[in-house]
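The following exercises concern one protein model and are to be solved with the sequence and coordinates at hand. Each task is followed by a solution in steps.

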Amino acid sequence: MDGAHTIERYFEVTQQTLESVFHALYEHRVVLEGMLLKPNMVLSGKECPQQASVQEVAEATVRCLKRVVPAAVPGIVFLSGGQSDLQATEHLNAMNRIEGLPWQLSFSYGRALQAPVLKAWKGDPAKVADAQKAFHHRALCNSKARFGKYTEEMETAKAA
């Protein structure tokens, strides 16, 4: 994610990496039907002057995966890869709204689930309930995004 590279460059590198991964999996006779792939999404670098939109990220990521990932792979669980918690949710949601995907798309976020929790908690034992609420909210949003059912209103409903 760091750097000024364009989404197109990120696409090229991601495609090359996935080609190498699947070549190695084939050589080692890995049963694709028994695996989950845990890749990055295709994004612009953080310092890139032209940031890709949510829809551009979703379309580029799915296009890259369709070029390389066999349909035999049952699921793809994305890393948040330095994205904000909101960006990771929006990108996953947009991908799941694309029709005709051969795999299930879900999340395996670390930072994007933990960041709002840590912000709410701040190490204060009195704020544990607030941290739990923050985690529940982010997990719920990602659960909805997993099915393409996340909406922006879910964020404002939390504040109300």
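Leucine 118 lies in helix α4, which spans residues 111-121; helices (H or I, at least four residues) and strands (E, at least two) are DSSP runs, numbered from the N terminus. The model is predicted, so local features need pLDDT of at least 70 and side-chain atom pairs count only at pLDDT 80 or more, while totals for chains, interfaces and linings use all residues. Residues are numbered from 1 along each chain as its sequence is written, and side-chain values use heavy atoms, with hydrogens and water left out.

**Exercise 1. The surface patch**

Task: Determine which residues form a nonpolar patch on the surface together with Leu118.

Solution. Step 1: apply the criterion. Patches are made of residues with over 30% relative accessible area and no salt bridge; like charges are joined within 9 Å, and nonpolar side chains (Val, Leu, Ile, Met, Phe, Trp, Tyr) within 5 Å. Step 2: identify the members. Trp121 and Val128 join Leu118 in the patch, and the accessible area of the three together is about 260 Å². Such areas come from the Shrake-Rupley method with a 1.4 Å probe, and for residues only the protein chains shown count as cover.

**Exercise 2. The sheet**

Task: State the strand order of the open sheet and explain why one side of β1 and of β3 is left without a neighbour.

Solution. Step 1: establish the order. The three strands follow the order β1-β2-β3 with parallel pairing, where two strands pair if DSSP finds at least two bridges between them. Step 2: locate the edges. β1 (36-37) and β3 (104-107) stand at the edges with a single partner strand each, so one side of each has no neighbour in the sheet. Step 3: examine the pairing of β1. Two bridges join β1 to β2 (residues 75-78). Leucine 36 stands opposite glycine 75, and leucine 37 stands opposite isoleucine 76. Step 4: inspect the faces of β2. In a regular strand the side chains alternate between the two faces of the sheet. Gly75 and Val77 lie on one side of β2, Ile76 and Phe78 on the other, and all are buried (buried means under 20% relative accessible area, exposed over 50%, partly exposed in between; 1.4 Å probe, protein chains only).

**Exercise 3. The core**

Task: Find which residues have the most contacts inside the largest nonpolar core.

Solution. Step 1: define the set. A nonpolar core is a set of buried Ala, Val, Leu, Ile, Met, Phe, Trp, Tyr and Cys residues joined through side-chain atoms within 4.5 Å. Step 2: rank the contacts. The largest core has 38 residues, and Phe22, Val69 and Phe78 have the most contacts inside it. Step 3: assign the contributors. Two or more residues come from each of α1 (7-27), α2 (54-68), β2, α3 (85-96), α4 and α5 (128-145). The greatest contribution is that of α2, with seven residues.

**Exercise 4. The salt bridges**

Task: Determine how many salt bridges a search of the whole structure finds, and which residues are joined into one network.

Solution. Step 1: count. With a salt bridge taken as a side-chain nitrogen of Lys or Arg within 4 Å of a carboxyl oxygen of Asp or Glu, the search finds three. Step 2: treat the pair in α1. Glutamate 12 and arginine 9 meet at 3.0 Å, N to O. They are three residues apart in helix α1, and therefore separated by about one helical turn. Glutamate 12 is partly exposed at 41% relative accessibility, as is arginine 9 at 42%. Step 3: treat arginine 138. Its closest N and O atoms with aspartate 85 are 3.7 Å apart. This pair links distant parts of the chain, with arginine 138 in α5 and aspartate 85 in α3, 53 residues apart. Arginine 138 is buried, at a relative accessible area of 3%. Arginine 138 also forms a salt bridge with glutamate 155, at 2.6 Å between the closest N and O atoms. Glutamate 155 lies in helix α6 (residues 153-159), 17 residues from arginine 138. Step 4: combine. Shared partners join Asp85, Arg138 and Glu155 into one network.

**Exercise 5. Cysteines and helix α5**

Task: State how many disulfides the structure holds, and decide whether alanine 131 and histidine 136 are buried or exposed.

Solution. Step 1: apply the sulfur criterion. A disulfide is a pair of cysteine sulfur atoms within 2.5 Å, and the structure holds zero. For cysteine 64, the nearest cysteine sulfur is that of cysteine 48, 17 Å away. Step 2: check burial. Cysteine 64 is buried at 1% relative accessible area, and cysteine 141 is buried at 0%. Step 3: turn to α5. Alanine 131 lies in this helix and is buried, at 7% relative accessibility. Histidine 136 is also in α5, but is exposed, at 54%.
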